Amino acid sequence: MKSAVVIGSGFGGLALAIRLQAAGIQTTIIEARDKPGGRAYYWERDGFIFDGGPTVITDPPCLTQLWTLTGHDMAQDVELMPVMPFYRLNWADGTNFDYSNDDAKLRSEIEKLNPEDVAGYAKFLEYSAGVHDEGYVKLGTKAFLDFASMIKAAPALAKYQAWRSVYSMVSSFVKNEKLREALSFHTLLVGGNPMKTSAIYALIHKLEKDGGVWFAKGGTNRLIAAMVKQFERIGGTLILGDPVERIETQGERTTGVVTQSGHRIDCDAVATNGDIMHSYRDLLGHHPRGEKAAASLSRKKFSPSLFVVHFGIKGTWPGIPHHMILFGPRYKGLLDDIYTHGVLPQDFSLYLHHPTVSDPSMAPEGCSTFYALAPVAHQGKLPIDWEEMGPVFEKRILDEVGRRLIPDIHERIVTKFHYTPADFGTDLNAHLGSAFSLEPVLTQSAWFRVHNRDDVLSNLYFVGAGTHPGAGIPGVVGSAKATAELMIEDLKR
């Protein structure tokens, strides 16, 4: 039986390992932390359950496939609950916009902003459906291993003006500024600046409209637990709390891995779900390929980081939906500060996650679990001392949530903590503390991202946000399908 090691147990690593094991390849996942999940880590404090993220689940079929491969049913292991509205968007002037795939309600919301944009939205939806078909259905699970594959995809990308930004394309269809923000903010959920990310990412709108937005009962951590259960029931092995320190090589092939404890695992192929820079620079630093690839990556643009405040409070809040976007007074200017200038501005926009409105069991009775997330520049642009600045920024964020939604928030808090760009670097080996790996601009997409199979080390593979197609649950699960097809073909050859 052929064997493989997968480094890291994020969504991408788990999805890849399930596919390999289901294909008869003896697969071992090695996870550095004490729990599986990668960025989908979680904490339990004072009776509250806090998901680290990601908390927006779209395209459930990309997940259910991981069970049907072996004749199992995902619903037996985890319950996905529909979220409605998908998001409530709120602006500083008090305007609310409930975003969903209910056609009548969405039309009503658009009419409240600008009746003339109803027709423009219909045209945008048609455009989104087109890029979804080309960019997600046809290309989302295909590996781009050579430039010829990029050239082959070019006509479709050109047809949909992929060189334009999502915001620019949205603006060509609708005129109301709030609606432009409502239809372009999604790229921020995968680390992209709406003003610069390729218009191809407008496909997210169609993805949500067709498949809905979902939440795993008990938290995203329960979806991770279900994936682990599926992996282990079909014979896979998961090792926790023992970081891989070195990928062993012989010539231009990998031969296995060595962990911090000194444990060595020999295998026929290695796949890494770890940070791409960490994988090349640290795990392969002894090989010329690792040194050369790390030098190349250091010249690329990495996505921003995040500052997240987790808090559990007394009281329940049925009027606050599961997902909210609290826009600040600026849109483009704030994005420039985060992506270009690398400053920590006084204003911010927040993503507010309120899982207990869907599942009260994630907090003690009569209490609620929240997190408030603010995009911030990565540490290469913003080398800030988060030990000092963290408590200050945390208070500013909680003050804003209090001002707009929960007036006595500070008196209600039972427990709280924050997670900074420095934590992304320490806990996840994330280069520059980036939360989403490479920034998803056109010149860093498809063939221009780290390839699903390395160009030199012929049995080294990549899965996750740094490779094609990119970040987000559908993205990394799609990368797992692309990488698995390569590995299964190579190993069975």
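The following paragraphs describe a sheet, a helix pair and one buried residue in a predicted model. Local features require pLDDT of at least 70 and side-chain atom pairs pLDDT 80 or more, while totals for chains, interfaces and linings use all residues. Residues are numbered from 1 along each chain as its sequence is written, and side-chain values use heavy atoms, leaving out hydrogens and water.

An open sheet of seven strands runs in the order S8-S7-S16-S17-S18-S15-S19, with mixed pairing; strands (E, at least two residues) and helices (H or I, at least four) are DSSP runs numbered from the N terminus, and two strands pair if DSSP finds at least two bridges between them. Its edge strands, S8 (96-99) and S19 (413-419), each pair on one side only. Within the sheet, S7 (residues 87-90) and S16 (residues 323-326) pair in the parallel sense over three bridges, and Arg88 has Met324 in S16 as its bridge partner.

Helices H2 (residues 61-68) and H9 (residues 220-233) pack at about 25°, with axes 10 Å apart; axes are lines fitted to C-alpha atoms, for helices over the stretch in contact, and angles run from 0 to 180 degrees between N-to-C directions. H2 and H9 are therefore roughly parallel (angles under 35 degrees). Leu63, Leu66 and Trp67 of H2 meet residues of H9 including Leu223 and Met227, where contact means heavy atoms within 4.5 Å.

Thr254 lies in strand S12 (residues 253-259). Its relative accessibility is 3%, so Thr254 counts as buried (under 20% relative accessible area, 1.4 Å probe, protein chains only). Among the residues that Thr254 touches are Ile247, Cys267, Asn459 and Leu460.

Notes. Angles under 35 degrees count as roughly parallel, over 145 as roughly antiparallel, 65 to 115 as roughly perpendicular and the rest as oblique. Buried means under 20% relative accessible area, exposed over 50%, partly exposed in between (1.4 Å probe, protein chains only). Lists of a residue's contacts leave out its neighbours within four places in sequence.
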